[in-house]
Amino acid sequence: MLKERNKGKLENIEEIKKDRENWEIALKYKPLIIKSIKTYYNKTNQYDDLIQEGYLKIYELCKNYKKERGSMGAYLKTNLKYYYLEKNRKIEAISLEREDGPILETLKSDENIEEDYLLEESIRRLKKALRGLTDIEREVLVGIYFEGKKASEIAKEQKRSKAAVSQAKKRGLEKLKKSLEK
């Protein structure tokens with residue numbers, strides 16, 4: 001099976017073992033192979049085959065390595081990453097039909113993704129608009145609308161007049177309205 005999958009690259013792992021120097025390098029990088037599989041490939045039920053293919057890939061890379069490409073470790077790491085990403089990309093597509101009906105019907109949920117997205121987007125825009133206010137305007141609006149405080153409480157806490165708090169609220173609301181209308 002491994003031989004068939006790697007036809008045209010190398011005949012088999014035994015052939016590689018004869019090139020002792022590059023084979024020892026491949027063995028040295030087993031932890032990198034395992035990490036690459038876990039990180040970039042999502043079918044670990046083929047784990048042993050994937051490790052063998054990793055050895056083959058490293059062996060092949062060692063034979064083609066040139067010092068001007070940078071350090072060997074970085075070169076191998078990058079190439080293994082793209083090798084397993086490409087293998088993962090080629091995994092056959094899952095059929096959306098099953099014997100008991102379409103898979104999409106089993107994925108139905110009470111969650112409304114669109115509403116959640118719009119709410120998150122609104123919150124993000126509001127936070128951005130709040131950053132455009134002065135500290136006083138922001139503290140007044142947050143106090144009144146998010147913390148449920150009265151203007152008189154905020155005036156007392158900030159040692160300001162009630163009129164100053166009222167003006168800060170008015171200016172802050174106008175700025176928020178302009179910013180959110182954009």
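E114 is found in helix α8. At 63% relative accessibility, this residue counts as exposed, because the threshold for exposed is over 50%. E114 belongs to a patch of negative charge on the surface, where it gathers with E115, D116 and E120. The model described here is predicted.

Helix α8 spans residues 113-131 and also holds K127. K127 is part of a patch of the opposite sign: R125, K127, K128, R131 and K182 gather on the surface as a patch of positive charge.

**Overall layout**

The chain contains 11 helices and two strands. Along the sequence, the elements follow the order α-α-α-α-α-α-β-β-α-α-α-α-α. Of the 182 residues, 25% count as buried. The accessible surface of the chain comes to about 13,700 Å², and carbon and sulfur atoms make up 51% of that area. Among contacts with a separation of 6 or more, 62% are between residues 24 or more positions apart.

**Salt bridges**

Side chains of opposite charge can pair when their charged atoms come close. How many salt bridges does a search of the whole structure find? The search finds seven. Among them are the three pairs below.

| Pair | Closest N to O distance |
|---|---|
| D135 and R138 | 2.6 Å |
| E137 and K175 | 3.0 Å |
| K149 and E147 | 3.3 Å |

The pair of D135 and R138 sits within one element: both residues lie in helix α9 (residues 135-146). They are three residues apart, which is about one turn of the helix. D135 is partly exposed, with a relative accessible area of 49%, and R138 is partly exposed at 25%.

The salt bridge between E137 and K175 has its closest N and O atoms 3.0 Å apart. This pair links distant parts of the chain, with E137 in helix α9 and K175 in helix α11 (residues 162-181), 38 residues apart. Is E137 buried or exposed? E137 counts as buried at 1% relative accessibility, because buried means under 20% relative accessible area. Its partner K175 is partly exposed, with a relative accessible area of 35%. The pair does not stand alone: E137, R171 and K175 are linked in a network of salt bridges.

In the third pair, the closest N and O atoms of K149 and E147 are 3.3 Å apart. K149 counts as partly exposed at 24% relative accessibility. E147 is also partly exposed, with a relative accessible area of 48%.

**A nonpolar surface patch**

Which residues form a nonpolar patch on the surface? They are Y145, F146 and L173, and together they have about 320 Å² of accessible area. Y145 is found in helix α9, the helix that also contains D135 and R138. Y145 is partly exposed, with a relative accessible area of 46%. That value is over the 30% relative accessible area required of a residue in a patch, so Y145 can be counted in one.

**Helix α9 in summary**

Several of the features above involve helix α9. The salt bridge between D135 and R138 lies within helix α9, E137 in helix α9 pairs with K175 in helix α11, and Y145 in helix α9 takes part in the nonpolar patch with F146 and L173.

Terms used. Residues numbered from 1 in each chain as written. Predicted model: local features only at pLDDT ≥ 70, side-chain atom pairs only at ≥ 80, totals over all residues. Heavy atoms only, no water. Patch = residues over 30% accessible without salt bridge, like charges linked within 9 Å, V, L, I, M, F, W, Y side chains within 5 Å. Areas by Shrake-Rupley, 256 points an atom, 1.4 Å probe, with all protein chains shown as cover. Salt bridge = Lys/Arg side-chain N within 4 Å of Asp/Glu carboxyl O. Lys, Arg positive; Asp, Glu negative; His and termini not counted. Charge placed at Lys NZ, Arg CZ, Asp CG, Glu CD. Helix = DSSP H or I, 4+ residues; strand = E, 2+ residues; numbered from the N terminus. Buried < 20%, exposed > 50% of the residue type's maximum accessible area, 1.4 Å probe, protein only. Contact = heavy atoms within 4.5 Å.
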